Every structure is written in C-alpha cells, then in structure tokens.
Amino acid sequence: MNKLGHGILQLAWKPVLKSIRIGGKKLFSKKYLLYTNTALTVGLSLTGDVIQQNFQICKHKNRTWDKTRTFHVSCTGFLVGPFCHFWYMFLDRWLPGRTLRIVFKKILVDQLVCSPLFIGMFLMSLNYMENDSWDKVKQDLVEKGKTLYLADWIVWPPAQLINFLFLPTRYRVLYDNTIAFGFDCYFSYVRYDKVYPQDDHTQEAESEDTHVMTTVDKEDSDSWQLHVNSEQLITCDKSKSVSGDLCEQHIFS
C-alpha cells in the first residue's frame with residue numbers, strides 16, 4: 001500500500017513539476033529575464049518593509065502599518081531591479097571567467113561602484129517620492145548612506161563570492177534578492193529609523209514615570225513632605241486634603 005500510494009503521488013506531482021520547470025525556464029529566459037528580475041526585486045522590497053514595520057509596531061516605534069511607506073519602498077524595486085539586471089550583464093561581459101582572480105576583481109568593482117550607486121538610488125528615490133528637501137536628501141546620503149554602506153561591506157563580499165563563482169548570469173539577481181531579503185528589512189529600518197507618536201495611554205504612562213516621580217517622607221505627626229521631580233518641596237497639613245490652595249510651596253534654589 002505504501003508503494004502504491006508513493007507511486008500515485010509521483011504520478012500526481014509529475015505534471016506539476018514539469019510545469020514548474022517549463023515556467024522557470026521561460027521566466028529566466030533572455031526574453032523575460034528583465035521582467036522577472038524586476039518583479040522579484042519589487043516583491044521582496046515590499047515584503048521586507050512589511051516585516052520591518054511589524055517589528056517596529058511590536059517595539060512600539062510604529063502605531064499602525066504605514067501603507068504609503070510600503071508602497072514607496074516597493075516602488076524602489078522598479079529602479080534598482082533593472083539596475084542590478086543590467087549591472088550583472090555588464091560585469092560578466094567586462095570580466096568574463098570564474099577564476100579566483102576574476103571573481104575577486106568582480107567583488108571589488110561591485111563594492112566600489114555598484115553598492116554606492118544602489119544605496120544612493122534607494123535613498124534618493126524615497127526622498128523624491130516623499131517630497132523631501134534637498135537638505136534632507138544630503139543628510140540621508142551622508143548619515144544613512146554611510147551606515148548602509150558599512151553594513152554592505154560585511155554582508156556582500158562573501159555572498160558575491162558564491163554568486164560570481166558558481167552561478168550563471170541569469171540567476172544572479174534571483175540569488176542577490178534571496179540574500180538581500182534580510183538586508184531589505186535592514187534598509188527599511190535604517191531609512192525609517194524614527195519613533196512615531198504613541199497613543200494617549202502610553203504617553204500618560206510615560207508622563208507618570210518620568211515627570212511625576214514622587215516620594216513621600218513623613219516629617220512629623222502634623223505634616224508631610226512631598227518631593228516632586230527633585231525640584232519642588234510641598235509641605236501640606238496632614239489633617240486637610242492635599243491641594244494647591246492648602247499647601248505651601250517652596251522652590252529649591
């Protein structure tokens with residue numbers, strides 16, 4: 001029975017696997033490769049930002065999912081996807097071969113030329129879609145661009161060693177996007193690293209924690225001393241309710 005079930009399963013999956021192979025060859029053919037690479041980049045950019053936003057919501061940095069931000073991040077894929085597609089085609093024609101010397105040359109050129117252009121396009125395209133000022137554009141390129149570029153040197157040289165050493169040109173962007181999935185989350189985090197306004201209950205709780213830190217010390221049987229924010233001392237009559245009208249307030253010099 002087990003052999004029979006296994007045989008039926010193989011027969012059922014055979015046409016499915018065949019369709020996947022045919023579809024894969026078509027998607028990664030020369031005719032459709034640009035569209036495939038662009039769609040992969042857009043889809044993974046979108047997914048990376050959604051995951052990053054959910055993480056920020058869990059950390060109370062975001063209140064809700066910002067759909068406009070996700071749309072903007074995914075739109076960057078329409079720019080950087082074709083860029084990576086044509087970059088790898090150019091690099092493989094300019095530096096053909098898979099020897100270690102050629103591979104290390106490709107990695108060096110990729111890091112010195114492609115990475116800064118990629119990061120610049122990502123940041124500036126978001127600046128453009130969000131109508132940022134030129135001062136904001138320059139600030140993002142200097143501060144956030146530097147952070148992203150340093151991280152790029154940690155992640156991509158070893159990843160590109162595998163890419164350039166073993167994979168054909170048509171699969172480079174697919175591999176690139178697979179590795180970049182986690183890096184897309186980091187790109188989104190660095191670009192939108194800010195604290196969003198929190199809800200009223202959270203703000204009230206924080207206000208109580210930071211601005212109304214009080215300690216009550218019993219001075220004698222007739223009065224209490226209430227220390228507020230280590231700056232004010234309010235002496236109140238114990239037998240009466242504590243209010244501004246019944247308390248003598250002393251401000252420390």
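Is Lys 106 buried or exposed, and what is its relative accessibility? In this predicted model, Lys 106 counts as buried, because its relative accessibility is 2%, which falls under the 20% that marks the limit for a buried residue. The surroundings of this residue are taken up again below, after an account of the whole chain.

The protein contains 8 helices and 4 strands, and their order along the sequence is α-α-α-α-α-α-α-α-β-β-β-β. The chain has 253 residues, of which 34% count as buried. Among the contacts with a separation of 6 or more, 58% are made by residues that stand 24 or more positions apart. The protein exposes about 16500 Å², and carbon and sulfur atoms supply 64% of this area.

In the interior, the largest nonpolar core has 15 residues, and the members that touch the most other members are Phe 83, Cys 84, Trp 87, Tyr 88, Leu 91, Phe 118 and Phe 164. Two elements, α4 (77-94) and α5 (100-129), each give two or more residues to this core. A second core, separate from the largest one, consists of 8 residues, including Val 73, Ile 119, Val 190 and Tyr 192.

Helix α4 was examined further. This helix has 18 residues, and the distance from its first C-alpha to its last is 25 Å, close to the 26 Å expected at 1.5 Å a residue. The buried residues in α4 include Gly 77, Val 80, Gly 81, Pro 82 and His 85, and they also include Phe 83, Cys 84, Trp 87, Tyr 88 and Leu 91, which were named above for their contacts within the largest nonpolar core. Asp 92, a residue that takes part in salt bridges, is likewise buried in α4.

Side chains of opposite charge can pair when their charged atoms come close. The count of salt bridges in the model comes to 6. In one of them, the side chains of Asp 92 and Lys 106 meet at 2.7 Å, N to O. Asp 92 lies in helix α4 whereas Lys 106 lies in helix α5, so this pair ties together parts that are 14 residues apart in sequence. Asp 92 counts as buried because its relative accessibility is 12%, and Lys 106, the residue with which this account began, counts as buried at 2%.

Asp 92 also meets the side chain of Arg 172 in a salt bridge, at 2.8 Å, N to O. Arg 172 lies in helix α7 (residues 172-191) and Asp 92 in helix α4, so the pair ties together parts that are 80 residues apart in sequence. Both Arg 172 and Asp 92 are buried. Asp 92, Lys 106 and Arg 172 are thus linked in a network of salt bridges.

A further salt bridge is found between the side chains of Lys 144 and Asp 140, which meet at 3.9 Å, N to O. These two residues both lie in helix α6 (residues 134-166), where they are 4 residues apart, about one turn of the helix. Both Lys 144 and Asp 140 are buried.

On the surface, a nonpolar patch is formed by Leu 108, Leu 112, Val 113, Leu 117 and Trp 153, which together have about 450 Å² of accessible area. The largest share of this patch, 4 residues, comes from α5. Leu 108 has its place in helix α5, and with a relative accessible area of 45% it is partly exposed.

The backbone at Asn 131 was also considered. Most residues other than glycine have a negative phi. Asn 131 has a positive phi of about 55°, although it is not a glycine. This residue is placed in the loop between α5 and α6, and it is exposed because its relative accessible area is 70%, which is over the 50% that sets the limit for an exposed residue.

Ile 179 is found in helix α7, and at 32% relative accessibility it counts as partly exposed. When its neighbours within four places in sequence are left aside, Ile 179 is in contact with Val 155, Trp 156 and Ala 159. The C-alpha atoms of Ile 179 and Gln 160 are separated by 9.7 Å, and these two residues are 19 residues apart along the chain.

Technical notes. Residues numbered from 1 in each chain as written. Heavy atoms only, no water. Buried < 20%, exposed > 50% of the residue type's maximum accessible area, 1.4 Å probe, protein only. Contact = heavy atoms within 4.5 Å. Areas by Shrake-Rupley, 256 points an atom, 1.4 Å probe, with all protein chains shown as cover. Core = buried A, V, L, I, M, F, W, Y, C linked by side-chain atoms within 4.5 Å. Patch = residues over 30% accessible without salt bridge, like charges linked within 9 Å, V, L, I, M, F, W, Y side chains within 5 Å. Salt bridge = Lys/Arg side-chain N within 4 Å of Asp/Glu carboxyl O. Expected span 1.5 Å × (residues − 1).
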